[in-house]
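User: I should like to learn how to read a structural model, one feature at a time. Could you take me through an example?

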Amino acid sequence: MTFRFELLRVDGQARRSVFHTPHGPIQMPAFAPVGTQANVKTLEPRDLHEAGAELILANTYHLYLRPGHRLVERMGGLHAFMAWDRPILTDSGGYQVFSLADSRKLNEEGVIFRSHIDGSLHHFTPEKVMEIEQALGADIAMVLDECPPPLDRAYNEEALARTHRWAERCKAVHCRKDQALFGIVQGGVFEDLRLQSAEFLRQLDFPGYAIGGLAVGETKEQMYATLDFTCPAMPADKPRYLMGVGAPEDIVEAVARGVDFFDCVLPTRIARNGQLLTPDGRMNMRNAQYAEDPRPVQEDCTCYTCRTFSRAYLRHLYKAGEISALRLGTIHNVHFMLELMRQIRAAIEAGRFAAFREQFHRRFRITDQAKRHEQRALRQAKREQL
């Protein structure tokens with residue numbers, strides 16, 4: 001078979017597995033750096049290879065608008081276009097479209113929206129999204145779904161029925177055998193809706209399943225509670241993908257509940273803002289305390305940045321506005337995330353994930369959650385103004 005999910009070890013609810021794809025295996029639990037426009041910002045494929053990345057994500061919405069899915073297809077598909085020889089996942093673009101708020105109109109057929117680039121009008125239907133994703137040619141593609149606010153019960157009830165109808169339409173027209181189409185479980189933070197969604201999608205027998213609609217405004221406690229009742233309702237013999245989640249503490253908690261892989265812009269975005277990940281939490285490289293610090297960002301890190309440069313030098317680059325600061329910071333953060341996944345896999349294999357989880361939380365300081373929600377609201381407002 002082109003795709004095969006192999007469950008190797010279970011430790012509590014944590015799962016050690018491999019998902020075999022046409023472009024190679026994905027060792028799970030896994031983290032996928034996000035290459036929105038067929039590029040992980042500031043990095044090249046060789047950087048990702050050196051860090052050990054096995055899967056990256058590209059964005060259907062952005063690639064449809066520019067350079068266009070048919071151009072990518074003529075160039076040999078995403079793998080050839082971006083010179084990446086390992087697995088790729090494309091999302092459906094639904095989240096981006098629905099985040100446009102004032103620039104889109106929803107109906108049963110799909111969603112009509114205006115491009116954030118030039119204001120031109122476009123129409124995403126399940127059939128159109130399947131056309132785009134099959135032309136892009138990623139190993140894993142996602143159905144078109146609606147991502148409502150997670151705490152709005154009435155909206156979630158309405159959106160869930162539409163998401164299920166769209167999933168059926170996506171599956172009916174998807175025909176690329178070397179591409180795995182995943183269903184997306186929705187339902188906000190509501191247990192009955194999540195269970196209803198998981199059961200409906202199970203009947204469609206997708207080769208893998210995603211959990212959507214989280215990390216979009218709910219608290220961490222609400223996210224974890226939702227995973228508590230959603231994961232057990234999902235097929236045990238298929239990969240489970242938690243969309244858009246990338247904070248290290250959330251990944252550890254989601255793995256503990258049975259999630260297999262993740263994607264998020266967080267490590268690359270915060271690197272461009274001067275925040276670097278360490279086992280103790282985030283380090284703001286613009287802080288004056290690092291002005292004369294000769295140590296690497298992380299003493300035991302083997303990434304190029306930590307092997308080569310001091311905190312003092314990196315702070316200088318960030319303060320001076322040098323482009324290399326963004327690149328060196330991103331190299332470190334991506335390496336940190338992938339090393340975290342290697343440690344998680346090793347802990348599950350050894351049957352000591354519970355101890356690893358406890359040690360991680362004892363050391364890692366999470367960011368202020370009020371500030372996190374404030375920043376999320378600002379990003380959403382900015383998207384709505386595009």
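Analyst: The discussion below treats the sheet, a helix, one residue and the enclosed spaces in turn. Please bear in mind that this is a predicted model.

User: In what order do the strands of the open sheet stand, and is the pairing parallel or antiparallel?

Analyst: One reads a sheet by following its strands from edge to edge. Here eight strands form an open sheet, in the order β4-β14-β13-β12-β11-β10-β6-β5, with parallel pairing. The edges are β4 (30-33) and β5 (56-58); each has a single partner strand, so one side of each lacks a neighbour in the sheet. From one strand to the next, the twist averages 30°.

User: How many bridges join β10 to β11?

Analyst: Three bridges join β10 (residues 140-142) to β11 (residues 180-185), and the two strands run parallel. One can be located through Ile140, whose bridge partner in β11 is Ala180.

User: Which strands does α14 lie across?

Analyst: Helix α14 lies across β4 and β14 (261-264), and runs at about 165° to β4.

User: How should I read burial along a helix, and which residues of α13 are buried?

Analyst: An α-helix has 3.6 residues a turn, so residues three or four places apart point the same way. In α13 (residues 311-320), the buried residues are Arg311, Ala312, Leu314, Arg315, Leu317 and Tyr318.

User: What covers the buried residues of α13, and what follows this helix?

Analyst: The cover includes the helices α11 (266-272), α12 (304-308) and α14 (323-349), together with the strands β15 (275-278) and β16 (281-284). After α13 comes Gly321, which has a positive phi, near 75°.

User: Is Ser17 buried or exposed?

Analyst: Relative accessibility decides the matter, with buried meaning under 20%. Ser17 has 0% relative accessibility and therefore counts as buried. The residue belongs to strand β2 (residues 14-21).

User: Which residues does Ser17 contact beyond its neighbours within four places in sequence?

Analyst: Those contacts are with Phe5, Glu6, Leu7, Leu8, Ile26, Gln27, Met28 and Asp260. A further long-range relation is that to Phe261: the two residues are 244 residues apart along the chain, yet their C-alpha atoms are separated by 10 Å.

User: Let us turn to cavities. How many of 30 Å³ or more are there, and what lines the largest?

Analyst: A cavity is a space where a probe fits but cannot get out. The count comes to two cavities of 30 Å³ or more. The largest has a volume of about 80 Å³, and its lining includes Ile26, Gln27, Phe31, Leu338 and Met341. The elements giving two or more residues to that lining are β3 (24-28), β4 and α14, and the largest share, four residues, comes from α14. By class, the lining holds six nonpolar, two polar and three charged residues.

User: What lines the second largest cavity?

Analyst: This cavity holds about 40 Å³ of space. Its lining consists of Ala247, Pro248, Glu249, Leu277, Arg282, Phe364, Arg365, Ile366 and Thr367, of which five are nonpolar, one is polar and three are charged.

User: Which residues are closest to the centre of the second largest pocket?

Analyst: A pocket, unlike a cavity, is open. The second largest pocket has a volume of about 440 Å³. Of its 19 lining residues, Phe3, Gln179, Ala180, Leu181 and Pro207 are the closest to the centre. Two or more residues of the lining come from each of β1 (4-11) and β11. The lining divides into nine nonpolar, three polar and seven charged residues.

Definitions and conventions. Residues numbered from 1 in each chain as written. Predicted model: local features only at pLDDT ≥ 70, side-chain atom pairs only at ≥ 80, totals over all residues. Heavy atoms only, no water. Buried < 20%, exposed > 50% of the residue type's maximum accessible area, 1.4 Å probe, protein only. Contact = heavy atoms within 4.5 Å. Pairing = 2+ DSSP bridges. Axes fitted to C-alpha atoms, helices over the stretch in contact; angles between N-to-C directions. 1 Å grid on protein atoms, 1.4 Å probe; cavity = no way out; pocket = protein on both sides within 12 Å on 5 of 7 lines; lining within 4 Å. Points joined across faces, edges and corners; volume = space filled by probe spheres on them. Nonpolar A, V, L, I, M, F, W, Y, C, P; charged D, E, K, R; others polar.
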